[in-house]
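Visitor: Hi, I'm new to this one. Could you walk me through it?
Guide: Sure, let's bring it up and go step by step.

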Number of protein chains: 2
Amino acid sequence: MEKQKILIVDDEHDLLDLIEYNIEQHGFEALRADNGKEGIALARNHYPDLIILDIMMPEMDGHEVCAILKEDKKLHSIPIIFLTARGDEKTEIKSLEKGADDYLTKPISPAKLMSRIKTVLRRVNESSDPGSVIHVKDLEINKERYLVLKGSKKYQLPRKEFDLLFFLASRKGKVLSRDTLLNEVWGSGVYVIDRTIDVHIRKIREKLGSDYIETVKGVGYRFKE
Amino acid sequence: MEKQKILIVDDEHDLLDLIEYNIEQHGFEALRADNGKEGIALARNHYPDLIILDIMMPEMDGHEVCAILKEDKKLHSIPIIFLTARGDEKTEIKSLEKGADDYLTKPISPAKLMSRIKTVLRRVNESSDPGSVIHVKDLEINKERYLVLKGSKKYQLPRKEFDLLFFLASRKGKVLSRDTLLNEVWGSGVYVIDRTIDVHIRKIREKLGSDYIETVKGVGYRFKE
DNA sequence: GAATAATCTTAACATTGCCTTAACAAATCA
DNA sequence: TGATTTGTTAAGGCAATGTTAAGATTATTC
């Protein structure tokens, strides 16, 4: 169980406070840095889900930070929202060219900020191949990233747990026998005892809660509709 | 519910014994033949749900048997699993061309065999299964979901109650004796007192009301038309 | 490539709730 | 009315599932 992390890099501490407050109000975890160097270090340690980057900063400006992040294999796909001074169109264009996903002009409206953040995160999460992403109840089950999103929380399930959840969710409402699950999730060439499934179900419930998968005694399991 | 029948055709009696034992352990009924001619005769008399066919047999080999079965209108849709000698790739290809649903190489792992059998049976059953939902009166009895819907209300009946209701509803209007119900719903190898049925009927009535199942004194129960 | 961590599987024990039975009440038939 | 069949209820046994932990396996890191 893990909140989605948002890294904010800005040299104005008042603004950092404001953004941090709003982000945490919405259930995300905030990471803050007041200069580019620290920002990059935090990114490398925490792999945030989104980075908000001020452009005007002493020493290393936002574009430089962005360039360095985009060179890092493990970080280059993290979406970035730039903060620009009002009406500086040249900067805006440059930002988008650098690989920004969005930009915001100061001064910032907290509501607008949160709306943009969610839009960007959604866009990134939904990327490509539909069908590999299932939306059920308040869950988003993303097969490409082997990630389950529940509101602003992020769950990184191990493969078997994820595959099991994905299969059940893709046939929600239907009761699936342990035999079916073994054949479809484990594959027809794999021989494990069926109680293995129960253990995985237990772990999924432990992480996501018991509101999703229900037991039909003597028959199998079912994803609640 | 009647057991599914599996016909095994092989000239090695040790292997027949082994397969028969495993098949019956998993709740199927085994039919055995040690040559192709007898295999075809058994198939015509019993209409098995699946046929396991050895290829290397004296007189008539598995491919010939398969060809004859595929010509018979009443038998041609029965799935066939071939047994081939290990690594004989040409045979494998030929088998699949002949209309086999799967093939297995000797020597056989019982676990693997059972897994394949279940996979093949499931594939066959799943593809054409509109009979898993019954609409009678204001009820929808959905076997896939193991749920009974009455208007907008959902009822989750325990397995035996559900199976009993499903069986009665699938033969609505017909009076079914307790003996018949025991045999078809409980299975032919299960010994329970017939009054057990009455208790289950009572519980179904308690949940869904008394408008569905009526008693025919001295004979049995009937789902009202 | 060894060490470390994470995941998967199994086994054992705990718990739940379904199934069956038995016993009595009510209904039906002779 | 007495005999037989079915309705109803409740309790105990038991099979299915929940839960936990430890060993086996696989991935990851240095």
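Visitor: Which residues come nearest to DNA strand D?
Guide: A:Asp198, A:Thr215, B:Asp198, B:Val199 and B:Thr215 come nearest, out of 16 residues around the strand. A residue is near a strand if its C-beta atom, placed from the backbone, lies within 6 Å of it. This is a predicted model, where local features need pLDDT of at least 70 and side-chain atom pairs count only at pLDDT 80 or more, while totals for chains, interfaces and linings use all residues. Residues are numbered from 1 along each chain as its sequence is written, and chains are lettered from A and ligands numbered from 1 in the order in which they are written.

Visitor: How does the surface near strand D divide up?
Guide: Into 4 nonpolar, 4 polar and 8 charged residues. Ala, Val, Leu, Ile, Met, Phe, Trp, Tyr, Cys and Pro count as nonpolar, Asp, Glu, Lys and Arg as charged, and the others, Gly among them, as polar. α8 of chain A and α8 of chain B each supply at least two residues of that surface. Helices (H or I, at least four residues) and strands (E, at least two) are DSSP runs, numbered from the N terminus.

Visitor: OK, and what surrounds DNA strand C?
Guide: 23 residues do, and the closest are A:Pro158, A:Val192, B:Pro158, B:Lys160 and B:Ile193. That surface has 10 nonpolar, 3 polar and 10 charged residues. In both chain A and chain B, α6 (159–170) and α8 (195–208) each supply at least two residues.

Visitor: At what angle do α6(A) and α8(A) cross?
Guide: Their axes cross at roughly 85 degrees and come within 10 Å. Axes are lines fitted to C-alpha atoms, for helices over the stretch in contact, and angles run from 0 to 180 degrees between N-to-C directions. The two helices are therefore roughly perpendicular (65 to 115 degrees).

Visitor: Which residues meet there?
Guide: From α6(A), A:Lys160, A:Glu161, A:Leu164 and A:Leu165 meet A:His200, A:Lys203 and A:Ile204 of α8(A). Contact here puts C-beta atoms, placed from the backbone, within 7 Å. By class, this contact has 3 nonpolar, 1 polar and 3 charged residues.

Visitor: Switching to chain B, in what order do the strands of the open sheet run?
Guide: The order is β10-β12-β11, 3 strands with antiparallel pairing. Strands pair if DSSP finds at least two bridges between them. β10 (175–177) and β11 (213–216) stand at the edges with a single partner each, so one side of each has no neighbour in the sheet.

Visitor: How many bridges join β11(B) and β12?
Guide: 4 bridges, with β12 covering residues 220–223 of chain B. B:Val216 stands opposite B:Gly220 there.

Note on methods
Parallel < 35°, antiparallel > 145°, perpendicular 65-115°, else oblique. Contact = placed C-beta atoms within 7 Å.
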